[in-house]
Each structure stands twice: as C-alpha cells, then as structure tokens.
Amino acid sequence: MPISLFPNAQVFEAPESGTVVVIGNFDGVHVGHVAVLRRALEISEASGLAPVVLTFNPHPAEVLGHKKLPQLTTLEYKAELIARVSGAISIVAEPFTLELAAKSPGEFARELLVQKLGARHVMVGENFAFGKQRSGNFKILRALGDELGFSAEALTLIGDANGPYSSSRVRQALDLPSLTEATVVLGRPHALSGLVVHGQGRARTLGFPTANLAEVSEALPRYGVFAVLVDQITPTGPKRLGGGVANIGERPTLGAGFSVEAHILDLHQDLYGERLRLHLLERLRDEYKFASFDELKAQIERDLATGRELLALPRQG
C-alpha cells in the first residue's frame, strides 16, 4: 500500500539529500507539537534535509483493539495545521495495519524510515516505542540509526506552570466549565467539524435556524452553549462564514436528543451537504431544561446577544 501524503494525497518520494523525520500522532497540533516542528525546521535549514512528519492512519490503538481516545483533530485538519507552521513540511500518513504492527524494530527502521522516507535524522518523543509488541525504544532506535545511517533525537515536550503541553491535557480541559485551559494548550480554539444535515426543524420554529452537524469525530467539550467562529471546508481550504452561537448537547427542553448545531449570525445561505468547522471561542452557559418554549426562546435571544458582544458583531435591524 502506498504512503499517503496529505493534504494533496500524493505518493511521497524521498529526496536524494535525505530527510529529517519527526514521528508522532500530533493530535491537536498543540503548542508543544509546534515547538517540535520548529525544531525540525531548524535542523532542516542547518543540514539541508527535507522536513517530514510521519504519522499513522488509522490510529494504532484502533487497529490493535485498544481503547482509542477521542481525537482532537481530523487527519485533514492536522495536515492543515502542520502546513500553517511551514509549507515545507511533508506530512506522511502511513496506513497502520496488522502487518506493519508485526514488523520488528529493525524492519520498521529499514523499510519505512530509511527506504521509504530517506531518513538521515529521526526525532521521537521520550517514551517512543515501535515495532512488534512495542519492543523497540529510543536506545534501540539510536543503535539502528548507527547501523542504517541516521541519527536519532529524543524530545521533551515543553509546558507551563500547569505541566507539559499534551493532547491528554487538552481532553481533560474540555471537561472544565471554561475553555481557557484547552485554548492555552492548543494555542487556538478547539474545533469541531461535520456535515450539515437536515435536523428536526425545532430551532427554526423558534425563529433561530441552525446548521446541524453529523459525522462529528472530534472530542466534545462539556455540554453547553458556545460562541463560535464558523468555517466552510472547501477543496481549496477553509472559508470563513462568520460568527455564531452553537449548542452541543441533548437539548433537554425540546426533548430532541443529542446534536451539534450552530446558528450563524447574519447569514442566510443554504448549507445542506456542506462541511463546516466550528471554532469554540467561549462557553456561554450550561444546558438547561426550561419550563416552556417561550423561556427557551428568550434565553436563546440573550445567548445570541452575548455572542454578538464577544464576537464584536454589530446588532442587526
């Protein structure tokens, strides 16, 4: 199976000069990941090696039957975020299969890192494990590098007073009442993406039509109402549609069940069948079960007014 290169889905061809390969899941492409990428770029510029990120799709835990944590970013958004750091970085998403998992550390290093990727320098996390039954560690990687012609570097993720920046820290922070911690670690707002589908029309009957998202695969925040920025995902990149207010949760007053839905302020456009990305700027409140639809409608009006203030959007009418 060929190696897939995102975002252009090309087959990767290693340059004769060789590469500096950074191995990792890069879920969320958070502040710590960005520091690692910048370190790889420094090595690339000093050595003339082309920078490459090696990640795996699907996640190894999914293939091996282990518990898979909710992802922070889709593969496509991950590639987009890495490209924002530098367009010079190639993103290689190696298909993770049982066959790959069964390879010895030596086979992994020789066939994937050297023969396919042209590695001359390999960067991994401190606890990196690879090969059959995770039998390879950094010491083995470095020894294999001496044999196969690449150097190896173990990286320590940076952090702040609250600890190292990590994907698990973001997931934990999404359960907090405030999004501040998650935003700090990511270096940007957490985002959800999905396909706009027809809902039950309950919000429209209240006078607030929403875009209902299906196929949302990213980690969800604590349920509630959020101020958001909304992008339309297009083949040429994201297109900003504007700001809005999103509800993520069970909609207890309507009894309509779980949804991720957003009312985009001042936008009158048919979005069915489009893919949207919601950037969660701030959590406005918890979900409540109101005594009547009139109470719910009044609260939605207050939520939209608060959203306008946070987004610095003018009032209409």
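**Exercise 1. Identify the residue of strand 5 that stands opposite Thr19, and describe the surroundings of strand 2.**

Solution. Step 1: Thr19 stands opposite Ala119 in strand 5. Strands are DSSP runs of E with at least two residues, helices are runs of H or I with at least four residues, and both are numbered from the N terminus. The model is predicted, so local features require pLDDT of at least 70 and side-chain atom pairs count only at pLDDT 80 or more, while totals for chains, interfaces and linings use all residues. Residues are numbered from 1 along each chain as its sequence is written, and side-chain values use heavy atoms, with hydrogens and water left out.

Step 2: Strand 2 (residues 19-23) pairs with strand 5 (residues 119-125) in the parallel sense over four bridges; pairing requires that DSSP finds at least two bridges between two strands. Strand 2 also pairs in the parallel sense with strand 3 (residues 50-57), over five bridges, and Ile23 has Leu54 as its bridge partner there. From strand 2 the chain passes through helix 1 (residues 31-47) to strand 3 in a right-handed β-α-β crossover: with the strands pointing away from the viewer, the path from the first strand over the helix to the second runs clockwise.

Step 3: Five of the five residues of strand 2 are buried, that is, under 20% relative accessible area, with exposed meaning over 50% and partly exposed in between (1.4 Å probe, protein chains only). Thr19, Val21 and Ile23 point one way, and Val20 and Val22 the other way.

**Exercise 2. Determine the order in which six strands close into a barrel, and locate strand 9 within it.**

Solution. Step 1: The order is 9-10-13-12-11-14, with antiparallel pairing. Neighbouring strands are turned by 45° against each other on average, direction ignored; axes are lines fitted to C-alpha atoms, for helices over the stretch in contact, and angles run from 0 to 180 degrees between N-to-C directions.

Step 2: Strand 9 pairs with strand 14 over five bridges, and Ser193 stands opposite Arg277. Strand 9 pairs with strand 10 over three bridges, where Val196 has Leu213 as its partner. Five of the seven residues of strand 9 (residues 191-197) are buried, so this strand is largely enclosed by the rest of the structure.

Step 3: The largest nonpolar core has 27 residues, and Leu278 is one of those with the most contacts inside it. Such a core is a set of buried Ala, Val, Leu, Ile, Met, Phe, Trp, Tyr and Cys residues joined through side-chain atoms within 4.5 Å. Strand 9 and strand 14 are among the elements that each supply at least two residues of this core.

**Exercise 3. Characterise the salt bridge of Glu153 with Arg39.**

Solution. Step 1: A salt bridge is a side-chain nitrogen of Lys or Arg within 4 Å of a carboxyl oxygen of Asp or Glu. In this pair the closest N and O atoms are 2.9 Å apart.

Step 2: Glu153 lies in strand 6 (residues 151-155) and Arg39 in helix 1, so the pair ties together parts that are 114 residues apart in sequence.

Step 3: Glu153 is buried at 15% relative accessible area, whereas Arg39 is partly exposed at 34%. By the same rule, the count comes to 16 salt bridges.
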